[in-house]
Amino acid sequence: MTIRTFVNPAHEGHHPPAEYLHGHAVPYYESPERVRILLDALTEARLIAPEPAERIAPQVLHASHDPAMVRFLQDLSQGSQELIGQDFDVYDLRQRLSTDEYYYETMFPAQLGRWSTRTRTVYFFDSTSPVGRHTWEAALGSASAAYAGASALLAGDRQAYALCRPPGHHAGRNTMGGYCYLNNAAVAANHLKGRGRVAILDVDYHHGNGTQDIFWEDDEVLFVSLHADPALDYPYFTGFEAENHATNRNIPLPHGTTAPDYLAALDGALAHIREQAPGSLVVSLGFDIHRDDPMGHFDMDTSIFAAIAERIVALHLPTLYVQEGGYRLAGLDEMAATFFQAVLATEGV
Ligand code: SP5
Ligand code: ZN
């Protein structure tokens, strides 16, 4: 048996050259290589059967995102080279333009003041989601993979995998950041409402601030997230326990968290989901909880992914796995294979 897997070939066109750290350009870890590694390893191990996802109409995104933000992203991507050219003129840099530049937002709306009459023309909350001419198609393709995965569950499949890239869980109703543009898990969850209430379990290392934002007032979708304590780690401003309410549960964990502590927290999260009796489950799946991830500060090895998979499958819910983060290229193949092997082995029991 294999897991039906939806991918988005257009992701290859999105490859920002760098992110910026204290004045230095550092590698952009959210790279096309990530999906190539996952796809090759899982296909070779005969764990997945990949198929291309049909491109959704942008209107489908409006259930999850402000239509104005969707339009803004599309326009920015398609006009990015011209806009960058104009910016470069200020410094006489036009001759240095390549044909594939990325627009990095440098102006953020939060503190502009109550006198501003031009509100919400900036939709980024940080500068780590750069936009190039292929970013729109990549992001739409990624959301399309999630949508196709949800469609598979609606058609009766018990599980599916959306191999999404770029990731989505930091993208809110009208905000982009943290390598994310469109919230793939949210697109899937909104589609899955066709099966009743939906639970989203987010096991990426980082808080899914975007998913929390999109479903903050939505009783039909339960959001449960395990992540690094935002007092210590990205995204810093959300993910605290104080944000919890009936359908939003954050479980922040300290640096150095080990498998027993993680799994105890996960068991609590899963008990909460079980109590709410949803009709389906979306898992925001990040491999950045591994101890060797360059961004993560937990202390768990690859076997954690089998333990997580077994527990999720024991919920016996139609489940869509949506790829989020995970940046240690050297181990991604094993982490994913460990996870999906356990999914298939447990499902068969
Ligand atoms: C989808 C996903 O996993 N996104 C992660 C985005 C993480 N961005 C990390 C930025 C880290 C900045 N670290 C600065 C340390 C300040 N003391
Ligand atoms: Zn992450």
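## Loops, a zinc site and a pocket

His316 is placed in the loop between α8 and β10 (319-323). This is a predicted model, and that loop is a friendly place to begin the tour. His316 has a positive phi of about 55° although it is not a glycine. The residue is also exposed, with a relative accessible area of 58%.

Ala277 tells a similar story. Its place is in the loop between α7 (259-276) and β9. Ala277, again not a glycine, has a positive phi of about 45°, and at 60% relative accessibility Ala277 counts as exposed.

Next come the cis peptide bonds. One joins Arg165 and Pro166, with omega at about 0°, and Pro166 is found in the loop between β5 and α5. Another joins Tyr234 and Pro235, where omega is about 5°. Pro235 lies in the loop between β7 (221-228) and β8 (248-253).

Now to the metal. Which residues coordinate the zinc ion (ligand 2)? They are Asp204 (OD), His206 (ND1) and Asp288 (OD), at 1.9 to 2.1 Å. The site of this zinc ion (ligand 2) is tetrahedral, with angles of 101 to 133° among its four donor atoms. Along the sequence, the donor residues of the zinc ion (ligand 2) follow the spacing D-x1-H-x81-D. Asp204 sits in the loop between β6 (198-202) and α6 (209-215), while Asp288 sits in the loop between β9 (280-285) and α8 (304-313), so the pair ties together parts that are 84 residues apart in sequence. Are these two aspartates, Asp204 and Asp288, buried or exposed? Asp204 is buried, with a relative accessible area of 1%, and Asp288 counts as buried at 0% relative accessibility.

Helix α6 is also home to Asn209. Asn209 has a relative accessibility of 12%, and because buried means under 20%, Asn209 counts as buried. Its side chain makes a polar contact with the side chain of His170, at 2.7 Å. Leaving out residues up to four places away in sequence, Asn209 touches Phe125, His169, His170, Pro235 and Thr238. Pro235 is thus a partner of Asn209 as well as a member of a cis peptide bond.

Asn174 lies in the loop between β5 (159-162) and α5 (184-192). Asn174 is partly exposed, with a relative accessible area of 21%. Between Asn174 and Leu332 there are 31 Å in space, C-alpha to C-alpha, and the two are 158 residues apart in sequence.

Here are the accessibilities side by side.

| Residue | Relative accessible area | Class |
|---|---|---|
| Asp204 | 1% | buried |
| Asp288 | 0% | buried |
| Asn209 | 12% | buried |
| Asn174 | 21% | partly exposed |
| His316 | 58% | exposed |
| Ala277 | 60% | exposed |

The last stop is the largest pocket, which holds about 1100 Å³ of space. Of the 44 residues that line this pocket, the closest to its centre are Phe125, Asp126, Tyr234, Pro235 and Tyr236. Two elements, β2 (19-21) and α6, give two or more residues to the lining. Which element gives the most to the lining of the largest pocket? That is α6, with four residues. Tyr234 and Pro235, listed here among the closest to the pocket's centre, are the pair joined by the cis peptide bond with omega at about 5°. Phe125 and Pro235 also link back to Asn209, which touches both.

Methods. Residues numbered from 1 in each chain as written. Chains lettered and ligands numbered in written order. Predicted model: local features only at pLDDT ≥ 70, side-chain atom pairs only at ≥ 80, totals over all residues. Heavy atoms only, no water. Donors = N, O, S within 2.8 Å, 3.2 Å for Na, K, Ca; no water. Tetrahedral: all angles 85-135°; square planar, octahedral: opposite > 155°, others 65-115°. Buried < 20%, exposed > 50% of the residue type's maximum accessible area, 1.4 Å probe, protein only. Polar contact = N/O pair within 3.5 Å; in protein donor to acceptor, adjacent residues only side chain to side chain. Contact = heavy atoms within 4.5 Å. 1 Å grid on protein atoms, 1.4 Å probe; cavity = no way out; pocket = protein on both sides within 12 Å on 5 of 7 lines; lining within 4 Å. Points joined across faces, edges and corners; volume = space filled by probe spheres on them.
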